[in-house]
Amino acid sequence: MSDSVTLPRPDDWHLHLRDGAMLEAVLPHTARHFARAIVMPNLVPPVVTGAQAAAYRERILAALPEGMAFEPLMTLYLTEATDPDDVAAAHASGLVKAVKLYPAGATTNSASGVKDFDRVRGVLERMAEIGLPLCTHGEVVDASVDIFDREAVFIDRVLDPIRRATPGLRVVMEHITTANAVDYARAQGDDLGATITTHHLIINRNHILAGGIRPHYYCLPVAKREEHRLALRAAATSGEARFFLGTDSAPHTDANKLLPCGCAGCFTAPNTMAILAQVFDEEGALDRLEAFASRNGPAFYRLPVNTEPMTLSRGAPYAAPAQVDTADGAVTVFDPGFPLTWRVD
Ligand code: DOR
Ligand code: ZN
């Protein structure tokens, strides 16, 4: 068993940075370890146009502490009113790396998302032409569908029909949580990628609900049965090119998590790399952490792999910070439920 691993500096292919005081507090935790991140556009109001993405990018760079290097990769929030020409211009200028599809009502700040998928057909066709990836929040919002089935039903009812109707469209299935998604992804060509979060490699639905309700483990898509977690672990540690890291680190203040109707999201940015090293170590796959965290994502997004190295090593157990303070209140850091033994050097 190796006690250290060195890889090219990783990237996070799905991240929530928020805005204002929250952005300032959480950004350093990502920038410390990650060179780049695909930044989610679900602000209030959402980042819909190229001009809004450019302004948000400037706010992110302004919040970056002196001496830290980090490249935000911007996304646009797809609405039924999105202008294909604006999307194409934002892509051509190099500003925007993906467009995000939220089914309306599926998750945090998704009210402006898509209700009628036929109404975004023109944008999707344009994206297929120019090679701009579509990132999907893969859950149906149909109230009659059980929340634990919403991802699998989305694949059949929405994702597969969209891909069939739009040949050449490059799609990322974001934060997959089921063996169904793993199987679907494996059966497709290289125009389909899938991100996997850190927390879905660690928790199943028992962690949220058995022995008391644990709001800090509640996220969307919600964690599923153990068999699904095991399928995700096998996929992430397989080294297969279609699977890559997207943490979906999604900070909410404790005040907003610990409510009768609390927000969805796990804040994993501070200790994601330490947790992943432990997971890959346990699976005998430390040599494949590089593919998952540093190589497969850039290959899908047609970007260069980072050249700067990162080394992680195993040592005495240590306690990660339990909370990050923000001007809006404390944000609880994801607790993997075991002592961390890996750390970024
Ligand atoms: O858990 C989640 N939190 N899932 C999402 O899809 C959105 C995110 C957020 O923005 O808080
Ligand atoms: Zn997300």
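Which residues lie nearest the centre of the largest pocket? In this predicted model, they are Ile208, Leu209, Ile213, Pro215 and Tyr218, part of a lining of 16 residues. The briefing below treats this pocket, then the zinc site, the cavities and the nonpolar cores.

**Largest pocket**

- The space in the largest pocket amounts to about 250 Å³.
- Helix α7, which spans residues 205-209, contributes 3 residues to the lining of the largest pocket, the most of any contributor.
- Of the residues lining the largest pocket, 12 are nonpolar, 1 is polar and 3 are charged.

**Zinc site**

- The zinc ion (ligand 2) has as its protein donors His14 through NE2, His16 through NE2 and Asp248 through OD, at 2.0 to 2.1 Å.
- Along the sequence, the spacing of these donor residues follows the pattern H-x1-H-x231-D.
- His14 belongs to strand β2 (residues 12-15), whereas Asp248 belongs to the loop between β9 (243-245) and α9 (254-257), so the pair ties together parts lying 234 residues apart in sequence.
- His14 and Asp248 are both buried.

**Cavities**

- The model contains 4 cavities of 30 Å³ or more.
- About 120 Å³ of space is found in the largest cavity.
- Seventeen residues line the largest cavity, and His16, Thr107, Thr108, Asp248 and Ala250 lie nearest its centre.
- Two of the zinc donors, His16 and Asp248, are thus named among the residues nearest the centre of the largest cavity.
- The lining of the largest cavity comprises 5 nonpolar, 9 polar and 3 charged residues.

**Nonpolar cores**

- In soluble globular proteins, nonpolar side chains tend to be buried together.
- The largest nonpolar core has 92 residues, and within this core Leu17 and Met173 touch the most other members.
- Helix α10 (residues 272-282) gives the most to this core, supplying 7 residues.
- Another core, of 13 residues, lies apart from the largest one and includes Ile38, Leu73, Cys135 and Tyr301.
- With residues up to four places away in sequence left out, Met173 touches Thr136, Ile155, Leu159, Ala181, Tyr184, Ala185, Leu192, Gly193, Ala194 and Thr195.

Methods: Residues numbered from 1 in each chain as written. Chains lettered and ligands numbered in written order. Predicted model: local features only at pLDDT ≥ 70, side-chain atom pairs only at ≥ 80, totals over all residues. Heavy atoms only, no water. 1 Å grid on protein atoms, 1.4 Å probe; cavity = no way out; pocket = protein on both sides within 12 Å on 5 of 7 lines; lining within 4 Å. Points joined across faces, edges and corners; volume = space filled by probe spheres on them. Helix = DSSP H or I, 4+ residues; strand = E, 2+ residues; numbered from the N terminus. Nonpolar A, V, L, I, M, F, W, Y, C, P; charged D, E, K, R; others polar. Donors = N, O, S within 2.8 Å, 3.2 Å for Na, K, Ca; no water. Buried < 20%, exposed > 50% of the residue type's maximum accessible area, 1.4 Å probe, protein only. Core = buried A, V, L, I, M, F, W, Y, C linked by side-chain atoms within 4.5 Å. Contact = heavy atoms within 4.5 Å.
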